[in-house]
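Trainee: I'm new to this structure and would love a friendly tour. Could we go through it one question at a time?

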Amino acid sequence: MKEKIKKLRNYIFFKLYKVLISFEKFRNKGFALDILSPDFIKDPYTTYSTMRSKKPIYYSAPTFLYWVTKMDFVQEMLRDKKFSVDDRKYSIAKRRRRELIKDGREIMLDQFDNPSILKLDPPDHSRIRKLVSYGFTNRYISSLESEIKETINDCLDRTHNKDSFDLIDSLAKPLPAIVIAKMMGLPKEDLTQFQNWSEDLLQEVGGISSNAIQRKQARDAYEELIRYFEKKIIERKDNPGEDFIGKLIQAEEEGDKLNVKEMFGTCLLLLVAGHETTTRLIGNGLYTLFKHPEQFNYLKDNFELIPNAIEEIMRYEPPVHATVRFAYDDIIYDDKKFKKGTPFAISIAGANRDPSANKNPNEFDIKRENIKHVSFGYGPHMCIGAHLARMETKLAFEALFERFPKMELLDNEPEWGRNFIFRGFDHLQIKPN
Ligand code: HEM
């Protein structure tokens with residue numbers, strides 16, 4: 001019975017969405033932001049461009065969000081204290097709490113009330129971020145280079161003598177997961193399990209078609225991950241060690257700092273942020289290069305250009321397409337009034353293609369100078385793992401180009417994942433030649 005009600009609710013939601021899309025098209029001379037349409041999933045950039053030219057802060061009734069696609073506004077909103085990440089402060093929180101209670105999700109409810117830095121405003125954000133940053137100094141990350149190379153070689157050795165292989169399954173997925181697990185001091189045997197959990201988890205974050213089953217999977221995975229970290233942290237309390245979890249525990253022992261719930265949230269964030277994004281960067285990057293064969297061939301002979309090519313890939317085909325901010329109070333912005341708690345979809349992908357930020361933004365050019373992008377965020381929440389992600393991707397590209405200089409893409413039109421926050425491929429078949 002419960003399932004039938006859920007199905008009916010989904011059906012009504014979908015129908016309502018379609019009605020709102022028709023209404024938006026009627027109002028906007030045929031245009032609507034339709035995040036469920038196959039055209040949008042294939043190419044969201046044309047839509048973002050139209051939105052930007054219509055209104056840089058565009059209200060989309062079907063998503064209940066104000067979408068911001070202009071670089072200046074995006075940077076300002078990501079930096080300015082008038083815009084907050086802490087959804088506990090706004091009316092939206094009541095609905096979320098009610099929903100989690102109804103669904104019997106005690107652990108999720110507890111985490112909602114004790115979120116990770118991604119969902120914290122100052123002063124808590126600054127306090128915890130400082131601690132987390134200790135584990136991510138450029139010096140420490142650079143010291144991981146030879147281990148990362150070894151991991152890449154192990155992954156690629158397994159493709160030896162194969163006529164074709166899936167880049168995502170063989171390298172893009174395992175590499176960042178192995179690296180972050182090592183950094184956190186988690187055993188290798190747990191790798192597949194927490195990769196599965198983190199994939200399931202993402203189905204509720206921007207998962208376009210998340211139905212009742214996917215939502216249940218996502219929530220189960222979230223709770224399993226929290227239980228997993230709880231166990232690891234308790235096990236390690238008396239013997240913390242020098243890895244990332246050990247550092248978090250010691251920081252707590254020293255008196256100030258993290259409580260246990262803050263530690264769970266931090267571990268969960270690092271695990272998910274640390275590998276789902278980099279997986280997509282490697283996949284999106286290689287795909288984009290395959291689609292621009294002249295530049296691909298040039299890059300294979302000019303490794304020194306790889307770091308710039310990675311920045312251009314980040315700008316052109318970013319793994320994270322959007323993030324959310326709320327109006328901290330009743331505010332006036334761009335001459336318009338917004339009520340406290342108004343949610344804004346900050347379109348990273350839209351801003352990166354703003355012609356006022358980058359000339360000819362729809363052209364992919366690995367030699368582009370002064371690349372401007374916000375794909376690692378901007379302001380106080382800017383990505384902590386940017387150096388690690390860049391290094392993993394650079395080393396992965398170098399190894400792939402060295403081993404398989406004649407590689408080809410087998411499926412010319414692979415399917416983009418149906419998620420409007422995380423953009424990337426689940427599979428990318430390569431012929432090594
Ligand atoms: C290509 C790979 C990556 C991309 C595209 C990416 C993107 C982002 C973005 C856009 C934000 C800001 C979100 C916001 O302002 O709402 C962010 C924050 C963050 N990222 Fe990354 N990230 C990547 C890799 C990593 C890695 C490898 C780690 C760690 C292992 C990591 C850890 C974090 C953390 C902890 C934050 C939160 C910072 C804060 O709230 O202060 N990310 N990332």
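Mentor: Happy to! One definition before we begin: helices here are DSSP runs of H or I with at least four residues, numbered from the N terminus. Keep in mind as well that this is a predicted model.

Trainee: Which helix gives the most residues to the shell around the ligand?

Mentor: The shell around the ligand holds 24 residues, with Gly-274, Thr-277, Gly-377, Cys-383 and Gly-385 the closest. Two elements give two or more residues to it: helix H15 (260-290) and helix H19 (386-403). The one that gives the most, with 7 residues, is H15.

Trainee: How many residues of that shell are nonpolar?

Mentor: The shell residues fall into three groups. Of these, 1 is charged and 8 are polar. The nonpolar ones number 15.

Trainee: Let's turn to the sheets. Which strands are the edge strands of the open sheet of 5 strands?

Mentor: This sheet has mixed pairing, and its order is S1-S2-S8-S5-S3. An edge strand pairs on one side only, which here holds for strand S1 (57-60) and strand S3 (83-84). The edge strands are therefore S1 and S3.

Trainee: What is the bridge partner of Trp-67 in S8?

Mentor: Strand S2 (residues 65-68) and strand S8 (residues 343-347) run parallel, joined by 3 bridges. Trp-67 has its partner in S8, and that residue is Ala-345.

Trainee: Which helix packs on this sheet?

Mentor: Look for a helix that touches S1, S2, S3, strand S5 (322-327) and S8. Its direction makes about 125° with that of S8. The helix, residues 71-79, is H4.

Trainee: In the sheet with the order S4-S10-S9, why is one side of S4 and of S9 left without a neighbour?

Mentor: The pairing in this open sheet of 3 strands is antiparallel. Strand S4 (165-166) and strand S9 (408-409) stand at the edges, so one side of each has no neighbour in the sheet, as each has a single partner strand.

Trainee: And which residue in S10 stands opposite Glu-408?

Mentor: S9 and strand S10 (residues 429-431) run antiparallel, with 2 bridges joining them. Opposite Glu-408 in S10 stands Lys-431.

Trainee: Lastly, which element gives the largest share of the largest nonpolar core?

Mentor: That core has 63 residues, among which Leu-171, Met-184 and Cys-267 touch the most other members. Leaving aside residues up to four places away in sequence, Cys-267 touches Met-184, Phe-229 and Ile-245. The largest share of the core, 11 residues, comes from H15.

Terms used. Residues numbered from 1 in each chain as written. Predicted model: local features only at pLDDT ≥ 70, side-chain atom pairs only at ≥ 80, totals over all residues. Near = placed C-beta within 6 Å. Nonpolar A, V, L, I, M, F, W, Y, C, P; charged D, E, K, R; others polar. Contact = placed C-beta atoms within 7 Å. Axes fitted to C-alpha atoms, helices over the stretch in contact; angles between N-to-C directions. Core = buried A, V, L, I, M, F, W, Y, C linked by C-beta atoms within 7 Å. Buried ≥ 20, exposed ≤ 12 C-beta atoms within 10 Å, placed from the backbone.
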